[in-house]
Amino acid sequence: MAFIFRRKPRERARTPLLFVTDMRREFLITDISRNSAPHGMYYLLMSVAVFIAAFGLMADSPAVVIGAMLVSPLMTPIFGLSLGLVRGELPLIRSSMFSLVAGILLGIGGGYVIGILPVFFDVTHEIVARTTPNLLDMGVAAFAGIAGAVALIDEKVSPVMPGIAIATSLVPPLSASGLCLALGQYSDGWGAFLLFFANFLVILTVASALFCITGFIPVSEDQPLPRLIKHFSITTLGLILVAGFLTQALVEVSVSRRIDKSLRTAANVAIASMPNTVIKTVTHETNDGVVEGFIALRGPRSMKASDVEKMEKMSSGELKMPVRIIVRTGITQSISSMADSNIKAAIDAHAKRTKIKKDRSAVVLAQAEIILRTLISEYPWYTLVGVNYMELKSGPGLIVEISGPERPHPDTVRKLEDLIRRKTEVKDLGLIVRYYKCSDITRNGRNLFGTGYTGVYSKNANLIEADVTELLGNIRNVFPIYVEAQLEKSGWKVLADVTGEKLVTSKEVERIEDKLSEKFKSPVRLFVYSKTEALVERGGFMPVEQFSDQDGIKRLTVGQ
């Protein structure tokens, strides 16, 4: 029977979403009217908030700017003006407007004063973020205004007021406007003020609507609707105009992001064949219907003109407008601790992180560059000029350009080719080394074989060098250019760079070695880099180095 004659459950009493008691309403009217009137504490808090915001914008610190939003009392006179318009109370409207205008002047003026100080140098990111408002900012202000009005009306919701203060950007745009005016950036200053004005109008409108819904209109009012239309006509018109400006700004932002996305996509496609290259920045300007793109890269080499042309065609086809692109590459170098380490795994991880799909040539180039740079770092007298990938008749190939004092041995090239083939897993990879001869010159002359780097000399080393220079100079039409003595375990090793009309013979080298070994009571080995070149004139021979040095010294000493 209990199942048949079940009692109908009683309906629970539901509390209205925005229920305001008469006592709470009267308290809010009195409290808002009192706090909206200008007073000393309002000016003090407003000044403090303005200076905190200005310094936070200058320091590019979001945390400091948030602190200024929490201190700012500017929301109170906006609610006072809203309540005054709803209730038709001219004294409340007048006092709220006075506080609001004073707060605006304090905000812009305080920012201007900070901006003219010598500590402020340039527009920061935090300032720029508040100079280009769009329709999205109005949406944030609308919901923040609703939350602020609800929190003000219902004491149970009041603890969320700090979060609402952060969401409603009021003081930072005013400070940013003053800072921009101090720098002469008038368009940016107007943009920052427009952001504040849009937030002000939206908060005023939504707060007024909530005051109407919750019964703040006087009971004795016979025709509330015509009065509200009259009071809010100017506000509504201003809101429509600002919304139009911000809608245009939102459209411009949307178009700008579409162009940047197209340029970035084209750049990603281009650098897929460029190892260890990443996109740093992508910016653009639009002039007379032409997109001027500026792309900054970081990588081991510059982009080819043909690749830039492909990027322009790709972006132009997507955007349906002419595109011109300038690419600037900051040259970087990649190196690892060991040439035999698992470089491919690191390159794959880097490509995954940067979301770039590398083609086969890019991966091979990246691995080869790291291997070569790691190996060549142990030989500072050699320089890796560049690494290029190309398809040879025999298959894929690498052209490695190096400069140094001595030509690499073919056996060294073969071993290096085997190492790169093993690490890249490309069995038919060919290696061509393009070598550039160079010389290392110190104050004492040329360093030979990449090993004769002048250091601290001993007394015997200086004596041996002087004797070798004298003995080589005694040979007819032979001119010693540079001589260096190095002490080794087996004795003295002497490197000599000479020039003349003939090569120094081995017999002449042997005689010099015997004479020096006997004199210094220690074995001496002499290695002569002998070349048959000289400047010939009617008076005889002269080393090219001496002639060039004399001419160069004259140029360097002119005017001294």
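**Entry 1: the sheet β1-β2-β3**

I began with A296 and asked which residue of β3 stands opposite A296; the answer is R328. I keep in mind throughout that this is a predicted model. I then looked up the pairing around that position and found that strand β2, residues 290-299, is joined to β3 by 9 bridges, the two strands running parallel. The sheet to which they belong is an open one of 3 strands in the order β1-β2-β3, and its pairing is mixed. At its edges I noted β1 (278-287) and β3 (323-331), each of which pairs on one side only. From one strand to the next I read an average twist of 15°. I also recorded that helix α12, residues 305-319, packs on this sheet, where α12 touches β2 and β3 and has a direction at about 135° to that of β3.

**Entry 2: the sheet β4-β5-β6**

I turned next to an open sheet of 3 strands with the order β4-β5-β6, again with mixed pairing. Why does one side of β4 and of β6 lack a neighbour in the sheet? I found that β4 (383-392) and β6 (430-437) stand at the edges and have a single partner strand each, so one side of each is left without a neighbour there. Direction ignored, neighbouring strands of this sheet are turned by 20° against each other on average. I followed the antiparallel pairing of β4 with strand β5, residues 395-404, which extends over 9 bridges, and within this pair I located V387 opposite V400 of β5. Helix α15, residues 410-424, packs on the sheet and touches β5 and β6, its direction making about 135° with that of β6.

I stayed with β5 to look up S403, which has its place in that strand. Is S403 buried or exposed? Its relative accessibility is 14%, and because buried means under 20%, I entered S403 as buried. Leaving out residues up to four places away in sequence, I listed W381, Y382, T383, V385, Y436 and C438 as the residues that S403 touches.

**Entry 3: the hairpin β9-β10**

I checked strand β9 (residues 478-488) against strand β10 (residues 491-500) and found them antiparallel, joined by 10 bridges. The connection from β9 to β10 is a hairpin through 2 residues, and I noted E488 standing opposite G491 of β10.

**Entry 4: the nonpolar cores**

I then looked for the largest nonpolar core, which has 36 residues, and wrote down L74, F200 and F211 as those with the most contacts inside it. The helices that each supply at least two residues of this core are α1 (22-36), α2, α4 (75-87), α5 (90-115), α7 (135-153), α9 (171-183) and α10 (186-213). Which of them gives the largest share? I found that α10 does, with 8 residues. For L74 I took down the contacts beyond its neighbours within four places in sequence, and these are Y42, M46, L100, G103, L170, L174 and F196. Another core lies apart from this one and has 20 residues, including V468, L471, L472 and V498.

**Entry 5: α2 against α9**

I examined the packing of α2 on α9, whose axes are 9 Å apart and meet at an angle of about 65°, and I recorded the crossing as right-handed. On the α2 side the contact is made by M46, A49, V50, A53, A54, L57 and M58, and on the α9 side by V171, P172, L174, S175, A176 and L179. When I sorted the residues of this contact, they divided into 12 nonpolar, 1 polar and no charged.

**Entry 6: two positive phi values**

Most residues other than glycine have a negative phi, so I looked up the exceptions that I had marked. D60 has a positive phi, near 55°, and lies in the loop between α2 (40-58) and α3 (62-71). With a relative accessible area of 34%, D60 is partly exposed. K521 likewise has a positive phi, near 55°, and I found K521 in the loop between α17 (506-520) and β11 (524-531). How does K521 count, as buried or exposed? At 71% relative accessibility, K521 counts as exposed.

Notes
Residues numbered from 1 in each chain as written. Predicted model: local features only at pLDDT ≥ 70, side-chain atom pairs only at ≥ 80, totals over all residues. Heavy atoms only, no water. Helix = DSSP H or I, 4+ residues; strand = E, 2+ residues; numbered from the N terminus. Buried < 20%, exposed > 50% of the residue type's maximum accessible area, 1.4 Å probe, protein only. Core = buried A, V, L, I, M, F, W, Y, C linked by side-chain atoms within 4.5 Å. Contact = heavy atoms within 4.5 Å. Pairing = 2+ DSSP bridges. Axes fitted to C-alpha atoms, helices over the stretch in contact; angles between N-to-C directions. Left-handed = near helix turned anticlockwise from the far one by under 90°. Nonpolar A, V, L, I, M, F, W, Y, C, P; charged D, E, K, R; others polar.
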